[in-house]
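Good morning, and thank you for coming. Please have the sequence and the three-dimensional view open while I speak.

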Amino acid sequence: MFDVLKERLDGIFKNLRGKGKLTEEDVAVALREVRRALLEADVNYKVVKDLVERIRERAVGRDVLESITPSQQVVTIVFEELRDLMGRDVVPLVIASRPPTSYMMVGLQGSGKTTSCVKIARRFLKGHKPLVVACDHQRPAAVEQLRVLADQAKVAFFGPEPGEKDPVGVARRALRFAEDRLYDVILFDTAGRLHVDEPLMEELEAMKSLVEPEEILLVVDSMTGQEAVNVASAFNERLTLTGLVLTKLDGDARGGAALAVRSVTGVPIKMAGVGEHLEDMEPFDAGRMVQRILGMGDIQGLMERVQLTADDGEMEKMAESLKKSRFTMEDLLTQIRQVKKMGPLDKVMEMLPLPENMKQLRGAEMDPKRLRHVEAVILSMTPAERRNPEIIKGSRRRRIANGSGTTVQMVNQVLKQHGQMKELWKRFGKSGKKGFKLPKLF
Ligand SMILES: Nc1nc2c(ncn2[C@@H]2O[C@H](COP(=O)(O)OP(=O)(O)OP(=O)(O)O)[C@@H](O)[C@H]2O)c(=O)[nH]1
Ligand SMILES: [Mg+2]
């Protein structure tokens, strides 16, 4: 996501850093380029103008130009302003003080309402009893789609009786159903249209006054650019939105909507959809998002992903072993199993602030088939070999290759990867003081 913008900003900042001491002219040139990069990312013109003006005011101050690290300060200012543009604070979804908590998902056709509905419900499985309700009777397949997704996520589902056409009626029955069975978080999936239109708005308003939801969440497809901002304003006028859900941030979205929609509507972005899988939904954190755009890596996001999937016992054992400053094959094996559980690997890798020469670990090297081979290789080692991979020489390599049904080449690769991981661990071990226990991961 934001790939183009990321690249452009990268270039601009690299240029600045190369300069050492900055003049006002240097800053002006850099900001002109920042401005162009944002416009190319399809950010609303007025939003860009105000943003760049704010950055300029701060960046040409004496404190910055006369400091020892002016370029770093400019980057920091850009970071802070971009973050504040999308909302400085993380705004969590509201939980009713007296259950049930209800959310209405609204938005244009195809924006990701149904998917997001289940993705968000899934996040409530720990500690709550979520229910999703099919109130989209526009498309014949819509009810079925929600039912299937809810099934996959093991979330309870409520839908219309055969032939039942009135979404407000279904919502009413759903509320009673939830009360009877003690569902305490209810998410209503609603119909989308190609354009904001009167019948759609009336239907949503009727549902709103019946359900009295804690949240009316507008689902916004971030691939749609500036158009999304207009849509958001229109929905907000009629329904008074409480939050935005940005979807498809994993796509090649230029990012315009994500950057501008909050500042234009004043509605906080609460959740972010970052992929097709049901676990690809996270609380929106502007600071983290901008860190990703500026190439600072997203340690926090990675930590969360790990915590959601981590097996505590295994991780503890590994942390123990790592404390003794070793990274054994056992650790690599734990890692691989962990990584397999975490889901799409490219996403995990993207969150890591890896040095250039480590980027090769992305993609091919981390594909699931390869991981299975790596696992097989490690399992064919003796305990002594796993603890002490240095002893694995020629004949042992052949034996392991045969035992695992792979090749000596593969065994060599695993040993090499282990070496790299060991390096990574050492590196993060040194930089991991700021409370990030990254060595636990790799
Ligand atoms: N890559 C990616 N795809 C997504 C994301 N969210 C939704 N999608 C996809 O977008 C498509 C439309 O999603 P739906 O949830 O059906 O959208 P909807 O708003 O309910 O659509 P209608 O009910 O037709 O109005 C589906 O193919 C989803 O898999 C996301 O965060 N990332
Ligand atoms: Mg839908």
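I shall speak about three helix pairs, a ligand site and some backbone details. Please keep in mind throughout that this is a predicted model.

Let me begin with a general point. Two packed helices are described by two quantities, the angle between their axes and the distance between those axes.

The opening pair is H6 and H7. Helix H6 covers residues 113–123 and helix H7 covers residues 142–153; their axes lie 10 Å apart and make an angle of about 25 degrees. H6 and H7 are therefore roughly parallel to each other, since angles under 35 degrees are classed in that way. The crossing of H6 past H7 is right-handed. Which residues of H6 and H7 meet? From H6 come Thr-114, Thr-115, Cys-117, Val-118 and Arg-122, and they meet Gln-145, Leu-146, Leu-149, Ala-150 and Ala-153 of H7. By character, the residues of this contact are six nonpolar, three polar and one charged.

Several of these names return when we turn to the ligand. There are 20 residues around ligand 1, and those that come nearest are Lys-113, Thr-114, Thr-115, Gln-145 and Asp-250. Thr-114 and Thr-115 belong to the H6 side of the helix contact just described, and Gln-145 to the H7 side.

What are the distances from the ligand to the side chains of Gln-145 and Asp-250? An N or O atom in the side chain of Gln-145 is 2.8 Å from an oxygen atom of ligand 1. For Asp-250, a side-chain N or O atom is 2.7 Å from a nitrogen atom of the ligand. The backbone takes part as well: a polar backbone atom of Gly-275 is 3.3 Å from a nitrogen atom of ligand 1.

We come now to H9 and H10. Helix H9 spans residues 198–211, helix H10 spans residues 226–239, and the two pack at about 45 degrees with 10 Å between their axes. That angle makes H9 oblique to H10. H9, too, passes its partner H10 in a right-handed crossing. On the H9 side we find Glu-198, Leu-200, Met-201, Glu-202, Leu-204, Glu-205 and Lys-208, which meet Ala-234, Phe-235, Arg-238 and Leu-239 of H10. This contact holds six nonpolar and five charged residues, with no polar ones.

Beyond H10, the loop that leads to strand S6 (243–247) contains Thr-240. Thr-240 is not a glycine, yet its phi is positive, at about 50 degrees. Lys-248 sits in the loop between S6 and helix H11 (256–265). Its phi is also positive, near 60 degrees, again in a residue other than glycine.

The remaining pair is H3 and H5. Helix H3, residues 45–59, packs with H5 at an angle of about 145 degrees, and their axes are 10 Å apart. Their crossing is right-handed. The H3 residues Val-47, Leu-51, Arg-54, Ile-55, Arg-58 and Ala-59 meet Val-74, Ile-77, Val-78, Glu-80, Glu-81, Leu-82 and Leu-85 in H5. The contact is made up of nine nonpolar residues, no polar ones and four charged.

Finally, please look at the loop between helix H5 (70–86) and strand S1 (101–106), where Pro-100 is found. Which kind of peptide bond, cis or trans, joins Pro-99 and Pro-100? The bond is cis, with omega at about 0 degrees.

Thank you for your attention.

Methods
Residues numbered from 1 in each chain as written. Chains lettered and ligands numbered in written order. Predicted model: local features only at pLDDT ≥ 70, side-chain atom pairs only at ≥ 80, totals over all residues. Heavy atoms only, no water. Axes fitted to C-alpha atoms, helices over the stretch in contact; angles between N-to-C directions. Helix = DSSP H or I, 4+ residues; strand = E, 2+ residues; numbered from the N terminus. Parallel < 35°, antiparallel > 145°, perpendicular 65-115°, else oblique. Left-handed = near helix turned anticlockwise from the far one by under 90°. Contact = heavy atoms within 4.5 Å. Nonpolar A, V, L, I, M, F, W, Y, C, P; charged D, E, K, R; others polar. Near = heavy atom within 4 Å. Polar contact = N/O pair within 3.5 Å; in protein donor to acceptor, adjacent residues only side chain to side chain.
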